[in-house]
Amino acid sequence: MEIDENLSRSMKFKAPTPDESYGRGRDWNVDLIPKFLMANGLLVKLLIHTGVTRYLEFKCVEGSYVYKSGKISKVPIDQQEALSSDLMGLFEKRRFRSFLIWVQNMQEDKPDSWDGFDPFSNNMSALYNKFNLDKNTQDFTGHALALYRDDEYIGQRAITTIRRIKLYSDSLARYGKSPYLYPMYGLGELPQGFARLSAIYGGTYMLDKPIDEIVVKDGKVVGVRSGDEVAQCKQVFCDPTYVPERVKKVGQVIRCICLLDHPIPGTGDALSTQIIIPQKQVNRNSDIYVSLVSHTHQVAAKGWFIAMVSTTVETKNPEAEIKPGLDLLGPIRQKFISVSEYMEPTDDGLNSQIFISTSYDATTHFETTCLDVLDIFKRATGEEFDFKKVKQDLGDEDQ
């Protein structure tokens, strides 16, 4: 049995009644935890594997930017963009171009393509040193290309970061403007698509059904109780809110939903975009993430934009922590701030057969969430998910 937290679970915000300038209410589909999908990433592969993509329509996000020294710049990913980027000086551009060429040409099963550098035995710091890349270049490479949340990766095997950069590059190559996708009408379409697919295979969805108790006997789950009814089961998959006694708080995430009547300045009037503010640029230990969607994804009325600024809370004044992100947005018509706890399960669920996901983190992409899903899959089934059996194109499931 699966108990899933809807991606658009309601929160209570106090706001004035909107005026007519906001258009019709039915034109708005605001995700409270918006996350983009990497075009060639784990979630897209999992969605293709399940066949749920037949019920979904995606559209490419128009831009991917990184913050440096108070302004944003397009994330460079190929040789041409490296030479034209304003993130680096002339000589650094050439070094970064050489780095990208090496990454693109490096093949894991062909040591002669490694140019004398073993990515399996050397760490990422050694690879940066090989190309003499400065700290700023390392910053946007690790956080905007490889999408790390902190700098621990620098001391880890280089091959992991290389794979992440290749994923970004491969995702970008699929649709052009950015490596990110977002579903039309918002993330609420994902659970709806799975509900339809579940019905085809005999599954039952019980909507708006309160969960009063997860029934455990001799340390193992045997059912889920709602009122006087008990649904018997051998396994339960759920998010932390259903089992507060089996999770622990490891941090907090602040999110600010902002309604704008204009695109983000400096993005070429992009109707959707992501901006990453690396931690060192604002003297923090965690990155700040900014995402923007609009009527182009059918989530807002014409002429309106929904921006989200999020980060991991580090101080007693969370709102001040996201100020660098808010400052990038220009005039904000309305904003809604929430601080939520980041929870993790206290055990692996093998004994109880209750498998609990972690809370959603501050990132604006699904890659970290998918790693959690794959970990749950391994614990619940006893085997790794085999991506070799997954088709590779969003249209393949209909062929």
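These are questions and replies on salt bridges and a pocket in a predicted model.

The model is predicted, so local features need pLDDT of at least 70 and side-chain atom pairs count only at pLDDT 80 or more, while totals for chains, interfaces and linings use all residues. Residues are numbered from 1 along each chain as its sequence is written, and side-chain values use heavy atoms, with hydrogens and water left out.

Me: What makes Asp115 and Lys130 a salt bridge?
Reply: The term requires a side-chain nitrogen of Lys or Arg within 4 Å of a carboxyl oxygen of Asp or Glu. For Asp115 and Lys130 the N to O distance is 3.4 Å, so the pair qualifies. The count under this rule is 18 salt bridges.

Me: Which parts does the pair of Asp115 and Lys130 tie together?
Reply: Asp115 is in the loop between α3 (90-105) and α4 (124-130), and Lys130 is in helix α4, so the parts joined are 15 residues apart in sequence. Helices (H or I, at least four residues) and strands (E, at least two) are DSSP runs, numbered from the N terminus.

Me: Why is Asp115 called exposed, and what is Lys130 called?
Reply: Buried means under 20% relative accessible area, exposed over 50%, and partly exposed in between (1.4 Å probe, protein chains only). Asp115 has 53% and therefore counts as exposed. Lys130, at 31%, is partly exposed.

Me: How do you know that Arg333 forms a salt bridge with Asp261?
Reply: Their closest N and O atoms are 3.3 Å apart, so the distance cut-off is met. Arg333 sits in the loop between α9 (323-326) and β14 (334-345), and Asp261 in the loop between β10 and β11 (273-277), 72 residues apart.

Me: Is Arg379 buried or exposed?
Reply: Arg379 has a relative accessible area of 15%, so it is buried. Its salt-bridge partner Asp375, with closest N and O atoms 3.1 Å apart, is partly exposed at 37%. Arg379 and Asp375 are four residues apart in helix α10, which means about one helical turn separates them.

Me: What makes the second largest pocket a pocket, with about 1200 Å³ of space?
Reply: On a 1 Å grid over the protein atoms alone, a pocket is an open set of points with protein on both sides within 12 Å along at least five of seven lines; lining residues have an atom within 4 Å of a point. Its volume is the space filled by probe spheres set on the points, which are joined across faces, edges and corners. Of the 43 lining residues, the closest to the centre are Leu42, Arg164, Glu367, Thr368 and Leu371.

Technical notes: 1 Å grid on protein atoms, 1.4 Å probe; cavity = no way out; pocket = protein on both sides within 12 Å on 5 of 7 lines; lining within 4 Å.
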